[in-house]
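Please look through the structure below with the text beside it. The paragraphs go from one helix pair to the wider arrangement and then to some local details of the backbone.

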2 protein chains.
Amino acid sequence: MSNKPTLNTSLSPALLHLYDLSNSVVVIIDVFRATSTIASALYNGAKCVIPVDSVPKAIEISKSIGGIAAGERDGMIAEGLQHGNSPLEYGREFIENQTLVLTTTNGTRLLQMALDKGADTIISGSFPNLSAVCDYLMAEKKNVVLGCAGWKDRFNLEDTLFAGAVISRLKKDFTIHCDSSLMAESMYSKHKNNLAGFAPKLTHYHRLVERFGLIEDIKFCLTADLANVLPLYKEGKLTTK
Amino acid sequence: MSNKPTLNTSLSPALLHLYDLSNSVVVIIDVFRATSTIASALYNGAKCVIPVDSVPKAIEISKSIGGIAAGERDGMIAEGLQHGNSPLEYGREFIENQTLVLTTTNGTRLLQMALDKGADTIISGSFPNLSAVCDYLMAEKKNVVLGCAGWKDRFNLEDTLFAGAVISRLKKDFTIHCDSSLMAESMYSKHKNNLAGFAPKLTHYHRLVERFGLIEDIKFCLTADLANVLPLYKEGKLTTK
């Protein structure tokens, strides 16, 4: 038997319970857009990002600590909030030294699930911080579960493509017996040279671009290493390692 | 808006609840091997196949009606049974005019779930009856949910490849907004000319071939139209339409 750590891919939050998280680094993946936004805010100097599961909680916590409440429901800025889930909203001039309190439809919910299921370590991943995620996983040498946030428990391709990007870099150093990972890497290999060209075929693209005009968000979210930091979750906060 | 019926793909039994089954034909897909076995038995003249969820139930029902109890757990003939889940076991000389009472790890369980969730119509699909499934769905013009049985709720590629095969034939006549379906068709297109060559990469292949030597089963299960009948579920039984 190989002594390499294992790597598995969970294609939906509804499948996360199938994997042993207690000895694993869980990578929360919500490409459009929560984990891209988290990378962007931290890259631009945010003190930390506090992920929360409801809008009232985001407002309450941000008030009590003087942070910025932000969030999204169904692709739009959540009712009652002034800031949304766009990575482009969080430039340095706005977010530096601030605390972002963020609630989203899929990504922050998955993070909470991983926590409830006893994950050893939780980090967040997206194309803008692809290299930081891979470098961390290579260095840690622990088992890995790539957790795709999907869309309301449905499979989506953008999170799967990011999982595939990670697998393509790590596969030599991990034991992978998992059809989800095989599929993810295959889909990534096919589209890696033109992710933006493939994007219009994705369900979520239509939600974000046709309904909300967020084409610049999409481009940012599909470009590697534009915000190359490692968001590590500890005691309720995501901070750069 | 298009008046075409919709088509969605559920990649795991744990995702089936996300789809509206009440107005849909649900295709139960368990390529290795339940739905291939069902096609084989009916093609070879079985009166019907009664899918059940436990070994004791298979024994009880088969005794009371003079049928053949068969089943599989974890890839092997289930304890207490003499017949398993191999499509090659059910040749005409053995199964003609018999009733097969079948219990399996994934496929028969998914069928029961679809029934519990109020599916309008349930059929079973596999490569050996690919054309019969596609012809039926084209003729019915109802919404379709392709239900992959997976392996103990995990995603698997062989069921996804069959979903992709169906989609590649039906896509012009259905409305498909579903990343699962897009992925399934893409994976099928990539491997359709050499499914048997791709099979050794699949998790389930190792379970069946390396542990149990079932290479002939695998070949049968990946070949189109070797047992081209349409198993339709009605009042507890699968019979050919």
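Helix α7 (residues 179-191) of chain A and α7(B) pack at an angle of about 80 degrees, and their axes are 11 Å apart. Angles of 65 to 115 degrees count as roughly perpendicular, and α7(A) and α7(B) are therefore roughly perpendicular to each other. From α7(A), the residues that take part are A:Met183, A:Ser186 and A:Met187. They meet B:Met183, B:Ser186, B:Met187 and B:Lys190 in α7(B). Sorted by class, the residues of this contact of α7(A) with α7(B) are four nonpolar, two polar and one charged.

This helix pair belongs to a predicted model. Its scores are ipTM 0.95 and pTM 0.95. The average pLDDT of chain A is 94, and 99% of its residues score at least 70.

The contact between the two chains takes 21 residues from chain A and 22 residues from chain B. On the side of chain B that touches chain A, helix α7 (residues 179-191) of chain B gives the most, with seven residues. That side of chain B divides into 11 nonpolar, six polar and five charged residues.

How are the two chains related? In general, two copies of a chain are related by a rotation about an axis and a shift along it. Here a turn of 180 degrees and a shift of 0.0 Å along the axis lay chain B on chain A, with an RMSD of 0.0 Å. That is the relation of a two-fold axis. The residue of chain B that comes closest to the rotation axis is B:Ala14, with its C-alpha at 3.3 Å. Of the interface residues of chain B, 95% are also interface residues in chain A, so the copies meet through the same surface.

Within chain A, α7(A) also packs against α6(A), at an angle of about 95 degrees and with the axes 7 Å apart. α6(A) and α7(A) are therefore roughly perpendicular to each other. The residues that α6(A) brings to the contact are A:Leu157, A:Thr160, A:Leu161, A:Ala163, A:Gly164, A:Ala165, A:Ile167 and A:Ser168. Those from α7(A) are A:Ser181, A:Ala184, A:Glu185, A:Met187, A:Tyr188, A:Ser189 and A:His191. By class, the contact of α6(A) with α7(A) holds eight nonpolar, six polar and one charged residues. A:Met187 takes part in this contact and also in the contact of α7(A) with α7(B).

Another partner of helix α6 (residues 157-170) of chain A is helix α5 (residues 130-140) of chain A; the two pack at an angle of about 45 degrees, with their axes 10 Å apart. That angle makes α5(A) oblique to α6(A). The crossing in which α5(A) passes α6(A) is right-handed. On the α5(A) side, A:Leu130, A:Val133, A:Cys134, A:Leu137 and A:Met138 make the contact, and they meet A:Ala165, A:Val166, A:Arg169 and A:Leu170 in α6(A). The residues of this contact of α5(A) with α6(A) comprise eight nonpolar, no polar and one charged. A:Ala165 is listed in the contact with α5(A) and in the contact with α7(A).

The backbone has some details to look at as well. Most residues other than glycine have a negative phi, and most peptide bonds are trans. In chain A, a cis peptide bond joins A:Phe32 and A:Arg33, with omega about 5 degrees. A:Arg33 sits in the loop between β2 (24-29) and α1 (34-43) of chain A. In chain B, B:Phe32 and B:Arg33 are joined by a cis peptide bond with omega about 10 degrees. B:Arg33 is found in the loop between β2 (24-29) and α1 (34-43) of chain B.

Which value does phi take at A:Asp225? The angle is near 65 degrees, a positive value in a residue other than glycine. A:Asp225 is part of the loop between α10 (215-221) and β9 (231-234) of chain A.

Definitions and conventions
Residues numbered from 1 in each chain as written. Chains lettered and ligands numbered in written order. Predicted model: local features only at pLDDT ≥ 70, side-chain atom pairs only at ≥ 80, totals over all residues. Axes fitted to C-alpha atoms, helices over the stretch in contact; angles between N-to-C directions. Helix = DSSP H or I, 4+ residues; strand = E, 2+ residues; numbered from the N terminus. Parallel < 35°, antiparallel > 145°, perpendicular 65-115°, else oblique. Left-handed = near helix turned anticlockwise from the far one by under 90°. Contact = placed C-beta atoms within 7 Å. Nonpolar A, V, L, I, M, F, W, Y, C, P; charged D, E, K, R; others polar. pLDDT = per-residue confidence, 0-100. Least-squares fit on C-alpha atoms with pLDDT ≥ 70 in both.
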